[in-house]
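Here is a short tour of one protein model, moving from a single residue out to the whole fold and then to its aromatic rings. Have the structure open as you read.

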Amino acid sequence: MKHYPKTTNKQGPNITSFMGQKPDIKILKIGMASREYNVHHDFTKHLEKIFQIFDTKKCDAILFSLWSIFARQDYFPKEQLEGLNHVKLVMLETFRDCDLDNINHAYYRDPKTNKWEQYDYSQKFGSLSKMKESDLYSFVGSEIPQRIFGNSISLLCGETNIVKYSKEKKKIIDIFKLNAAIPDYVQIILNPIHDRMTRFEMKLKRQFLSENNRWVISVWNKGKKDKNGTIKNVKKPAWTVFYNGKEIEVKQLKHDLGPEIVLGIVNTRCK
């Protein structure tokens with residue numbers, strides 16, 4: 001049985017950690033890829049085929065659930081991108097046994113050179129429990145601009161917790177002004193996740209972030225166990241999609257990779 005590290009708040013020296021030139025690409029049609037991680041430790045076995053499936057469907061972006069590829073010296077996902085005709089942005093995470101070593105990668109085809117480039121960054125927190133308010137304001141002011149990739153932005157896993165549920169007001173509130181920091185031309189929030197988040201307010205937060213004609217696309221892995229070691233998978237696909245405050249149903253894509261690999265496509269038709 002493979003071990004997956006617990007997600008942690010990443011604080012301290014890893015405040016600004018970016019490598020490469022960030023993408024500036026418009027995307028419209030996004031492929032989502034999820035897996036049951038007790039069966040598939042990562043996406044390596046099916047990665048090239050998944051690329052081909054979404055490229056054939058004329059997707060221009062692919063969003064993988066996190067813990068995507070186990071990091072090793074002799075394997076480079078970027079090498080499998082050559083030959084794709086339509087996909088121009090791929091977002092995935094490489095991981096090791098220690099969660100602090102996780103790196104998120106945005107692979108993108110540079111429209112000027114037509115070559116595949118790589119932009120690396122990392123998750124800054126999962127919950128707000130150990131975060132200082134000054135760090136959260138800094139995240140919005142300094143980190144968010146580095147996550148804007150054209151008409152999309154990347155929020156990793158529990159970073160969406162920066163908008164909070166108010167028990168008193170019984171609604172989501174944006175204390176740290178995240179929405180104000182996201183320009184109007186950013187129409188898509190790409191929110192890859194490690195495990196399914198079960199608290200009721202998580203859907204409310206995604207719904208809130210999708211208001212004013214914005215898409216919020218979240219995808220996670222199946223296989224999470226409860227405190228008794230029981231796997232609590234649900235029949236629904238491992239994703240949610242919201243647009244303008246409403247949840248959008250996205251059906252599973254038929255393929256021959258087995259039932260533990262789940263694929264779907266979101267066609268935003270952004271202007």
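## Thr 160 and its surroundings

Leaving aside neighbours within four places in sequence, Thr 160 is in contact with Leu 155, Asn 191, Met 202, Lys 205 and Leu 209. Please keep in mind that this is a predicted model.

Where along the chain does Thr 160 sit? Its place is in the loop between strand 7, residues 152–154, and strand 8, residues 164–166. Is Thr 160 buried or exposed? With a relative accessible area of 1%, Thr 160 is buried, because anything under 20% is counted that way.

## The fold as a whole

Zooming out, the secondary structure of the protein consists of four helices and 14 strands. The radius of gyration is 17 Å, close to the 18 Å that the globule rule gives for 271 residues, so the protein is as compact as a globular protein of that length. If you like to think in box dimensions, the C-alpha trace spans about 50 × 50 × 40 Å along its principal axes.

The contacts add to this picture. Among contacts in the protein with a separation of 6 or more, 73% are accounted for by residues 24 or more positions apart. As for burial, 52% of the 271 residues count as buried.

## Surface and charge

Turning to the outside, the protein has an accessible surface of about 13700 Å². Carbon and sulfur atoms make up 49% of that surface.

The protein carries 46 positive and 31 negative charges. How far apart are the mean positions of these two sets? They are separated by 6 Å.

## Aromatic pairs

Now for the rings: a search of the whole structure finds eleven aromatic pairs. One of them is formed by Phe 70 and Phe 95. This pair is edge-to-face, with 5.5 Å centre to centre and 80° between the planes. Phe 70 lies in strand 3 (residues 69–70) and Phe 95 in strand 4 (residues 89–95), so their pairing ties together parts that are 25 residues apart in sequence.

The two partners are worth viewing side by side for their exposure. Phe 70 counts as partly exposed, at 25% relative accessibility, whereas Phe 95 counts as buried, at 1%. The cut-off for buried is under 20% relative accessible area, so Phe 95 falls within it at 1%.

Elsewhere in your view, look for Phe 43, Phe 51 and Phe 64, which ring pairs link into a cluster.

Definitions and conventions
Residues numbered from 1 in each chain as written. Predicted model: local features only at pLDDT ≥ 70, side-chain atom pairs only at ≥ 80, totals over all residues. Heavy atoms only, no water. Helix = DSSP H or I, 4+ residues; strand = E, 2+ residues; numbered from the N terminus. Buried < 20%, exposed > 50% of the residue type's maximum accessible area, 1.4 Å probe, protein only. Contact = heavy atoms within 4.5 Å. Rg over C-alpha atoms; globule rule 2.2 N^0.38 Å. Areas by Shrake-Rupley, 256 points an atom, 1.4 Å probe, with all protein chains shown as cover. Lys, Arg positive; Asp, Glu negative; His and termini not counted. Charge placed at Lys NZ, Arg CZ, Asp CG, Glu CD. Phe/Tyr/Trp six-rings, centres within 6.5 Å; stacked < 30°, edge-to-face > 60°.
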